[in-house]
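Hi,

As promised, I am handing over the structure we talked about. Have a look through it first, and my notes follow underneath.

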Amino acid sequence: MLGKTGGNRMASFKLRGLGMALAAGTAFALMPQATAADWQPRKPVEFIIMAGTGGGADQIARLMQGLIQKNDLSPMPFIPINKAGGSGAEALRYIQDKAGDDHTLLVTLNSFYTTPLVQEGLGVDITKFTPIARMAIDTFLLWVPADSEISDFQTWGAEVAKANKDFKVGGTGIGQEDSILFAMLEAEFGADVTYIPFPGGGDVAKSLVGKHIVSTVNNPAEQMEFWRAKQSLPLVQFTDERMESFADVPTAKELGHDLVYYMQRSINGPPGMSPEAQEWYVDLFQKLFESQEWQDFCKSDGLTCDEFVGGAELATFHNNQLERHKALIDKVGAAAITSD
């Protein structure tokens, strides 16, 4: 009797245990699974800028950081960090080595494409980076000091062809946007200028108004302060059409020169960032892009911000731009954009 009763009790206990396990399993299955909406930064986000202080990339990154904080878009702060070494190579290598990190982002410009192309030993493959958001398409103008004897693009072309190495121009780094555009101008006018690299666009702008150089191709944001103070003069825009901010300045195309060049301003993460983190950042930067404050900045500083591009669409854009820059470098020659 005792053995039989004990056996019944054991069987009953096992059945109750099985029932509890099944119930627990059912409850777990009904619980909502973790989604991208549940992910958010757990510590400060490193906001790496692949250029020096004071330039367009630096100004834009710090504006974004301020707007993210002001509008409470992130539970953790974004910390701007400049890594300008090697024309952005320092920043690219840093992000490459942060593979799998969900708390590091890169603020890019076109050296995102050119620096790995001209520095083959860098060991960086930007197609493996995590695309987040394209925030703007930036533009270039040709600038001279306001009291320069050169007051139009035709005169500039004649002077640069005549002066050659005595014509000193400046730009951000070597082997990147400014040096590419000057190489295009050299080819257009049959010239061979002296190109002086600076750590950032802010240094370039100051050197122009200080007359240490004759000319620059600064982005609008980099020269805006000096232009408004009537210390610098834009001669031509390298755009398809005139920008509203510079309605009185002709494009090179208008003047018979097929010189068009743009710069992307985008945010990218390291290789292997989690899909949840990528989606969270895409959503954050889309909100920022659509804000009135960002759109007002774009309008006042001559940036094109009429289309948000994020995630997979940005990856496609990057691949296309990488091929375009390969073709540009092949056309003007790597030596033309990397020589001092």
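Helices and strands here are DSSP runs, helices of at least four residues (H or I) and strands of at least two (E), numbered from the N terminus. Please keep in mind that this is a predicted model.

With that naming, a good place to start is Asn218, which lies in the loop that runs between β8 (215–216) and α8 (220–228). Is Asn218 buried or exposed? Its relative accessibility is 0%, so Asn218 counts as buried, the cut-off for that being under 20%. Leaving aside residues up to four places away in sequence, Asn218 touches Phe140, Leu141, Trp143, Gly201, Val204, Ala205 and Gln223. Gln223 turns up again in the helix after the loop: in α8, the residues Pro220, Ala221, Glu222, Gln223, Met224 and Phe226 are buried. After α8 comes Lys230, which has a positive phi, near 60 degrees.

Next, a helix pair you may like. The axes of α5 (residues 153–163) and α6 (residues 177–189) come within 10 Å of each other and cross at roughly 80 degrees. Angles of 65 to 115 degrees count as roughly perpendicular, so α5 is roughly perpendicular to α6. On the α5 side the contact involves Phe153, Trp156, Gly157, Val160 and Ala161, and on the α6 side Phe182, Leu185 and Phe189. Sorted by type, the residues of this contact are seven nonpolar, one polar and no charged. Gly counts as polar in that sorting.

The aromatic rings deserve a look too. There are 19 aromatic pairs in the structure. One of them joins Phe112 and Tyr113, edge-to-face, with 5.6 Å centre to centre and 65 degrees between the planes. The label edge-to-face applies because the planes are over 60 degrees apart. Phe112 counts as buried because its relative accessibility is 0%, and Tyr113 is likewise buried, with a relative accessible area of 0%. Elsewhere, ring pairs connect Trp39, Phe47, Phe78, Trp280, Tyr281 and Phe285 into a cluster.

Finally, two charges over rings, in case you want to look at cation and ring geometry. Lys83 has its charged end over the ring of Tyr94, 4.5 Å from the ring centre. Arg134 places its charged end over the ring of Phe317, at 4.7 Å from the centre.

Happy to talk any of this over whenever it suits you.

Best wishes

Terms used:
Residues are numbered from 1 along each chain as its sequence is written. This is a predicted model: local features need pLDDT of at least 70, side-chain atom pairs count only at pLDDT 80 or more; totals for chains, interfaces and linings use all residues. Side-chain values use heavy atoms; hydrogens and water are left out. Rings of Phe, Tyr and Trp (its six-membered ring) pair if their centres lie within 6.5 Å; planes under 30 degrees apart count as stacked, over 60 as edge-to-face and the rest as tilted. Buried means under 20% relative accessible area, exposed over 50%, partly exposed in between (1.4 Å probe, protein chains only). A charge sits over a ring if NZ of Lys or CZ of Arg is within 6 Å of the ring centre and within 35 degrees of the ring normal. Contact means heavy atoms within 4.5 Å. Axes are lines fitted to C-alpha atoms, for helices over the stretch in contact, and angles run from 0 to 180 degrees between N-to-C directions. Angles under 35 degrees count as roughly parallel, over 145 as roughly antiparallel, 65 to 115 as roughly perpendicular and the rest as oblique.
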